[in-house]
Amino acid sequence: VEQNYNLAVEWYRRSADQGHANAQYSLGYSYSIGKGVEQNYEIAVEWYRRAADQGSANAQHSLGECYYDGQGVEQNYNLAVEWYRRAANQDDAVAQCNLGHCYSNGHGVEQNYDLAVEWYRRAADQGNAIAQFKLGLCYYYCHGVEQNYDL
């Protein structure tokens, strides 16, 4: 078959309307990036929320990003952290990295470099390149780690 975003969205919608979490997430993502539908962050959030409420880690971290960036919802770091944490506790590496970022910068939580390192490490251990870089920065600047020149 040929690539066709419009048809993909049509099939996602049929499945999403029946409550399929992955289809709901995919439909939300389509609205978020504007492929197969006109970009609309508010509608993306609606679909992400439906999937997130069913436990979809992808939808949970995407909903967290919407709250973090204020796309489709009012910016709210506290809610971003809540959704990141739900996905991070399901071993979602992107959410773990994002949660580390929140702890590192005090966004939605009290700044805590120890917890930032913990979350960056969890994501880094799964191969997340951004988390690996940010963990390197923590070691470089001694944020949440002990300084050790012998390494």
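This passage describes the overall build of a predicted protein model and then some of its helices, loops and cysteines.

The protein contains eight helices and zero strands, and, when read along the sequence, it follows the pattern α-α-α-α-α-α-α-α. Along its principal axes, the C-alpha trace spans about 60 × 35 × 25 Å. Of the 151 residues of the protein, 40% count as buried. The accessible surface comes to about 8700 Å², and carbon and sulfur atoms account for 44% of that surface. When contacts between residues at least 6 apart in sequence are considered, 41% of them join residues that are at least 24 apart.

Helix 8 may be considered in detail. This helix covers residues 129–141, which makes 13 residues, and it reaches 18 Å from its first C-alpha to its last, close to the 18 Å expected at 1.5 Å a residue. The buried residues of helix 8 are A131, L135 and C138. Because these residues cover an arc of only 50° around the axis, they lie on the same side of helix 8. What covers them includes helix 6, formed by residues 93–105, and helix 7, formed by residues 113–125. The face of helix 8 that is turned away from this buried side carries the exposed residues A129, I130, F133, Y140 and Y141.

The two ends of helix 8 can also be described. At the N-terminal end, N128 acts as a cap, with a side-chain oxygen lying 3.1 Å from the backbone nitrogen of I130. At the other end, helix 8 is followed by C142, whose phi is positive. The value for C142 is about 55°, although C142 is not a glycine. With a relative accessibility of 27%, C142 counts as partly exposed, because a residue must fall under 20% to be called buried and rise over 50% to be called exposed.

A positive phi is also found at D91, where the angle is about 70° although this residue is not a glycine either. D91 is placed in the loop between helix 5, which comprises residues 77–88, and helix 6. Its relative accessible area of 52% makes D91 an exposed residue.

The loop between helix 6 and helix 7 contains V109, which counts as buried at 18% relative accessibility. When residues up to four places away in sequence are not counted, V109 touches V81, R85, C102 and Y103. One of these contacts joins V109 to V81, and although the two residues are 28 residues apart along the chain, their C-alpha atoms are separated by 7.6 Å.

A further buried residue, S32, has its place in helix 2, which runs over residues 21–33, and its relative accessible area is 14%. With residues up to four places away in sequence again left out, the residues touched by S32 are Q39, Y41, A44 and Y48.

Q75 is located in the loop between helix 4, made of residues 57–69, and helix 5, and it is partly exposed, with a relative accessible area of 44%. Apart from residues up to four places away in sequence, Q75 touches Y67, Y68, D69 and G70. A polar atom of the Q75 side chain lies 2.7 Å from the backbone oxygen of Y68, while a polar contact of 3.4 Å joins the side chains of Q75 and Y77. R14 and Q75 are 61 residues apart along the chain, and their C-alpha atoms are separated by 31 Å.

The cysteines were examined for disulfides, for which two cysteine sulfur atoms must lie within 2.5 Å of each other, and the count comes to zero. C66 is in no disulfide, since the nearest cysteine sulfur, that of C102, is 14 Å away. With a relative accessible area of 4%, C66 is buried. C138 is likewise in no disulfide, and the nearest cysteine sulfur to it, that of C97, is 10 Å away. C138 counts as buried at 4% relative accessibility, in keeping with its listing among the buried residues of helix 8.

Technical notes:
Residues are numbered from 1 along each chain as its sequence is written. This is a predicted model: local features need pLDDT of at least 70, side-chain atom pairs count only at pLDDT 80 or more; totals for chains, interfaces and linings use all residues. Side-chain values use heavy atoms; hydrogens and water are left out. Helices (H or I, at least four residues) and strands (E, at least two) are DSSP runs, numbered from the N terminus. The expected span of a helix is 1.5 Å times one less than its number of residues. Buried means under 20% relative accessible area, exposed over 50%, partly exposed in between (1.4 Å probe, protein chains only). The arc is that of the directions from the helix axis to the C-beta atoms. Contact means heavy atoms within 4.5 Å. A polar contact is a pair of N or O atoms within 3.5 Å; within protein, one must be able to donate a hydrogen and the other to accept it, and residues adjacent in sequence count only if both atoms are side-chain atoms. Accessible areas come from the Shrake-Rupley method with a 1.4 Å probe; for residues, only the protein chains shown count as cover.
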